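Colleague: I'm new to this one and would like a close look at a single part. Please start at the ligand, and then take me on to how the helices pack.

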Amino acid sequence: MAHDRTDLWTTPPAELLRPGGGFDLADMDRGDAPGWSGGKKDSKAFLADRAPLLSELQERLFAHGRTGGDRSVLLVIQGLDTAGKGGVVRHVIGMVDPQGVALRAFGVPTAQERRHHYLWRVRRALPKPGMIGVFDRSHYEDVLVPRVQGEIDEEVWKKRYREINRFEERVAAAGTTIIKVALMPSYEEQGLRLMERLDRPEKHWKFDPGDVDTRLRWDDYQAAYADVFANTHTDAAPWHVIPADRKWYTRLVVTELLTQALIDLGLGWPRPRWRVATQKRRLAETMSEESLAEAAEKARKKAAQFQVEEEAYAATVNEVDDDGPVRAEESAADDHMDEPATSRRSKQAPAEKKHKKHNNKDKDKKGKKKS
Ligand code: AMP
Ligand code: MG
């Protein structure tokens, strides 16, 4: 792991891109790469470094879900046409095992969906424990599109903000870490990207004549987005507003947000409900002397490799997590018997989480599996 790369973040994007007090969407430089002191090339090297870490963190989450844990992550991706939503899915989410990802793209509601409350289809798409859910567009379309099209009035979209905040708060309380990202390119850049879709036959499928109609309402959409940020940026589900003229920057930020969110879950490898020693004995009885010798030799070799890898993992995690080291659970040692494998850390209060973080300095060298 190239530790020098992480130093290129001068400020964690999680802090930098939140639309807190004084935030003005109209003022945001869409071509900027705030917090990142490197360039595009550095970003590529950085992503290559992050891939194994992200992948391991996702596997821990998945393992946690498979053993009774209740945590999950939901990445909500918003942005107008050409903002780069698909690229984030491909390049960032593409780094992890697709079996652990629940991707849902939300289009114009179908006839069936229209018969229900607008949150109905969203609720059904929420990630199950252990999963990373990804929304390509989301319930936020329901406070953007109908508003700009004049189908609902202020009273309605204000009521929806309240509903959405309550909904997200409940989802978060049930164990889902919500990361909301809004990809915000400039008007000029969107024009260029749409024109490229028209200039290249292999991109025509991505173009919809309606995209130009939406572009014609640019200012209305920007105003609607600004209002969304002002009203639905909550502790339970904060927004990150990302300048998106440079696609590599967008992907970098989302990678960092996702990595950080997974680290903050503090998930170690689940402990088995059975005794390793007992199961080894049972299995050994079914194997030949030669096979057992071979297995023992493999285990001996792997032990050294395991040690090196777990140290590298712990070092990287500590670096990303500038707040303190990750809290790995004790590894599945031989004789933890008959304990429920459910993580003890589910549903932690933030204060408790913080406390644990600083309390487990020496527990963080556990759990790097072989890759
Ligand atoms: P795309 O993401 O480019 O495949 O396009 C999906 C389209 O569906 C976009 O034009 C969205 O604005 C539209 N859409 C998604 N959700 C809604 C919604 N709740 N109401 C109206 N339009 C929506
Ligand atoms: Mg489109």
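**Ligand 1 and two helix pairs**

Modeller: Let's begin with V108, where a polar backbone atom sits 3.0 Å from an oxygen atom of ligand 1. Keep in mind that this is a predicted model. Two side chains reach nitrogen atoms of the ligand as well. In D142, an N or O atom of the side chain is 2.8 Å from a nitrogen atom of ligand 1. R121 has a polar side-chain atom 3.2 Å from a nitrogen atom of the ligand. If you want to see who else is around, look for D81, F106, G107, P109, R137, E141 and V145, which join V108, R121 and D142 around ligand 1.

Now for the helices. A pair of packed helices is described by the angle between the axes and by how far apart the axes are. Take helix 3, residues 40–66, and helix 12, residues 247–265: their axes are 9 Å apart, and the packing angle is about 30 degrees. Angles under 35 degrees count as roughly parallel, so helix 3 and helix 12 run roughly parallel to each other. The crossing of these two helices is left-handed. On the helix 3 side, you can pick out K40, S43, F46, L47, R50, L53, L54, L57, Q58 and L61. Facing them from helix 12 are W248, R251, L252, T255, E256, L258, T259, L262, I263 and L265. Sorted by type, this contact has 12 nonpolar residues, four polar and four charged.

The other pair to look at is helix 8, residues 154–173, with helix 11, residues 218–232. Their axes come within 10 Å and cross at roughly 45 degrees, and that makes helix 8 oblique to helix 11. Here the crossing is right-handed. W157, Y161, N165 and E168 are the helix 8 residues in this contact, and they meet A224, D227, V228, N231 and T232 of helix 11. By type, the contact of helix 8 with helix 11 divides into four nonpolar, three polar and two charged residues.

So, to put the pairs side by side: helix 3 and helix 12 cross left-handed, while helix 8 passes helix 11 in a right-handed crossing.

Conventions
Residues numbered from 1 in each chain as written. Chains lettered and ligands numbered in written order. Predicted model: local features only at pLDDT ≥ 70, side-chain atom pairs only at ≥ 80, totals over all residues. Heavy atoms only, no water. Axes fitted to C-alpha atoms, helices over the stretch in contact; angles between N-to-C directions. Helix = DSSP H or I, 4+ residues; strand = E, 2+ residues; numbered from the N terminus. Parallel < 35°, antiparallel > 145°, perpendicular 65-115°, else oblique. Left-handed = near helix turned anticlockwise from the far one by under 90°. Contact = heavy atoms within 4.5 Å. Nonpolar A, V, L, I, M, F, W, Y, C, P; charged D, E, K, R; others polar. Near = heavy atom within 4 Å. Polar contact = N/O pair within 3.5 Å; in protein donor to acceptor, adjacent residues only side chain to side chain.
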